[in-house]
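Got the model open in your viewer? Here is a walk through it, one selection at a time.

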Amino acid sequence: MSKFWSPFVNELVPYIPGEQPKLAKLVKLNTNENPYGPSPKALAAMQGELNDNLRLYPDPNADRLKQTIADYHGVRPSQVFVGNGSDEVLAHAFHALFQHEGRPLLFPDVTYSFYPVYCGLYRVAFEAVPLDEQFQIRIEDYTKPNAGIIFPNPNAPTGCLLPLEAIERLLKANPDSVVLVDEAYVDFGGETAISLVNRYPNLLVAQTLSKSRSLAGLRVGFAVGHEDLIEALERVKNSFNSYPLDRVAQAGAIAAFEDEAYFQQTCQAVIASREKLVGELRGMGFEVLPSAANFIFARHPRHDAAELAAGLREEGVIVRHFKQARIAQFLRISIGTEEQNQALLDALRPRI
C-alpha cells in the first residue's frame, strides 16, 4: 500500500497464475500447456520475421491474421478481434461490454478465476451462479436480469462441456445481454459456438492459440462475433494499446492456422492421452469428471487432494490444487506426453 496509489488499487485482488517452477527436470502438469511443440511451419514463419523489419511497427490492425482467422471459421474479417492472448481479449470485453449499472454479470461459481479479478478492475458487479452437483451449468439459472454472461466451454477447472444446443438456448433466453463463450480448450473435444455468431448478435466467442496451437509463449488470442461487438472491443483496444500484436506473433499465428494437419495430429494425440489417463486413474479409485479439455479434474475418496499434490511435488510432478471450498478435494491435471503421464501414475500409485 502506498500513498501514491489510486484509491481503488487497494481493493484489487490480482489473479494468481499457475506456478512456473524454475527447477529443472520437473514433470509440469499444472498450467494446461500443450505437451507438443508449435507447428514447424509456425516456427519457420516466426524465424523469418527476425530481420531488420523489427525496427518498424507491426500492422496495428493485424489484417492478414484477421483474414486468416475469418477464412478458417467462415466469417468476415470485420467479425474478428485479436489481442495478446485471450486474457487481454477478455479484459477488453469486460471493459467494453459488461459495465452496466444495476445489473450483475453472471458466471459459474466454479470457473476461471480471472473473471472476478476483471470485475474488480473494471467495477463490474457480478453474481457467481452455482453449478449443479455434477458441476454442470443449468441454463435455467441464467434467465434472471443481467449485464451479461460469461463462461468457459469446456469449463475450467472442471473440463465439463456445455453442448452447442444448450448455448443456443442460453442465447435465446438472453437476447438483450452479451453472452461470451470462452473457448480456450474447445479444440480438445468440443464444438465451437462460432457457427452461431451470424444468428445471434449478442454472442461473442473468445479463443486462444496458447493451448491447441501450442503457442502459450507467443500470446495470441482472438474473438469472433457481430461487427457491433467487435467495434466495441476495437474502440477500447485503440484507447489502450493500438499495437498489441508484434510482427513475430502475427506471422507465427498465421502459419499455425495454415498448418491444419499438424494441429489435428497434436489435438488427437492429447485427446488419446487424456482418455488413457482417465482410465488409469479411475482404475486407481479416482473420480474423474468428464473432460473435453487438455486437462482432467479428479479426486480420490480416501486421500486428501492437498496432501496428494504435496506428495507428487516431492517426486518432481507438479499438478494444480485449488483451495476453493467446493473443489478443495480435486486436482487439476494437465495432459502431458505419454512419458509425463506415466511419471504421474508412477508417483501416485505408492500413495493410493
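Start by selecting residues 227-237, helix α6. Helices here are DSSP runs of H or I with at least four residues, strands are E runs of at least two, and both are numbered from the N terminus. Colour Leu-229, Ile-230, Ala-232, Leu-233, Glu-234, Val-236 and Lys-237: these residues of α6 are buried. Buried means under 20% relative accessible area, exposed over 50%, and partly exposed in between, with a 1.4 Å probe and protein chains only.

A word on what you are looking at: this is a predicted model, in which local features need pLDDT of at least 70, side-chain atom pairs count only at pLDDT 80 or more, and totals for chains, interfaces and linings use all residues. Residues are numbered from 1 along each chain as its sequence is written, and side-chain values use heavy atoms, with hydrogens and water left out.

Now, what covers the buried residues of α6? Switch on α2 (63-73), β2 (80-83), α3 (85-97), β7 and β8 (221-225), which are among the elements doing the covering. Contact, here and below, means heavy atoms within 4.5 Å.

Stay on α6 and show the side chains of Glu-231 and Arg-235, which meet in a salt bridge at 3.2 Å, N to O. The rule for a salt bridge is a side-chain nitrogen of Lys or Arg within 4 Å of a carboxyl oxygen of Asp or Glu. Glu-231 and Arg-235 are separated by about one helical turn because they sit four residues apart in α6. An α-helix has 3.6 residues a turn, so residues three or four places apart point the same way. Glu-231 counts as partly exposed at 41% relative accessibility, while Arg-235 is exposed at 60%.

**More salt bridges**

How many salt bridges does the rule count? The count comes to 18. Try Asp-52 and Arg-55, whose side chains meet at 2.8 Å, N to O; both residues are exposed. Then jump to Arg-349, which forms a salt bridge with Asp-346, with the closest N and O atoms 3.6 Å apart. Arg-349 is partly exposed, with a relative accessible area of 37%, and Asp-346 is partly exposed at 45%. Next, pick Lys-66, Glu-234 and Lys-237 together: salt bridges that share partners join them into one network.

**Across the domains**

Colour by domain next: domain 1 is 15-37 + 260-349 and domain 2 is 40-258, with bounds that come from an automatic or database domain assignment. Their C-alpha centres lie 25 Å apart. At the interface, 28 residues of domain 1 are in contact with 33 residues of domain 2. The two domains bury about 2400 Å² between them, 60% of it on carbon and sulfur atoms; buried area is the accessible area (1.4 Å probe) that two parts lose on being put together, summed over both.

Which side chains meet in a salt bridge at 2.9 Å, N to O? Select Asp-109 and Arg-326. Across the interface of domain 1 and domain 2 the rule finds one salt bridge. It also finds 13 residue pairs in polar contact there, both residues at pLDDT 80 or more. A polar contact is a pair of N or O atoms within 3.5 Å; within protein, one must be able to donate a hydrogen and the other to accept it, and residues adjacent in sequence count only if both atoms are side-chain atoms.

On the side of domain 1 that touches domain 2, the elements giving two or more residues are α8 (260-283) and β10 (295-299). Highlight α8, which gives the most, with eight residues.

**Asn-153 and its surroundings**

Centre on Asn-153, in the loop between β5 (148-152) and α5 (164-173). Is Asn-153 buried or exposed? Asn-153 counts as buried, at 1% relative accessibility. A polar atom of its side chain lies 2.6 Å from the backbone nitrogen of Leu-162. Leaving out residues up to four places away in sequence, Asn-153 touches Cys-160, Leu-161, Leu-162, Ile-167, Val-181, Asp-182, Glu-183 and Val-186.

Move on to α5, where Leu-164, Ala-166, Ile-167, Glu-168, Leu-170 and Leu-171 are buried. Their cover includes β5, β6 (179-182) and β7 (203-208).
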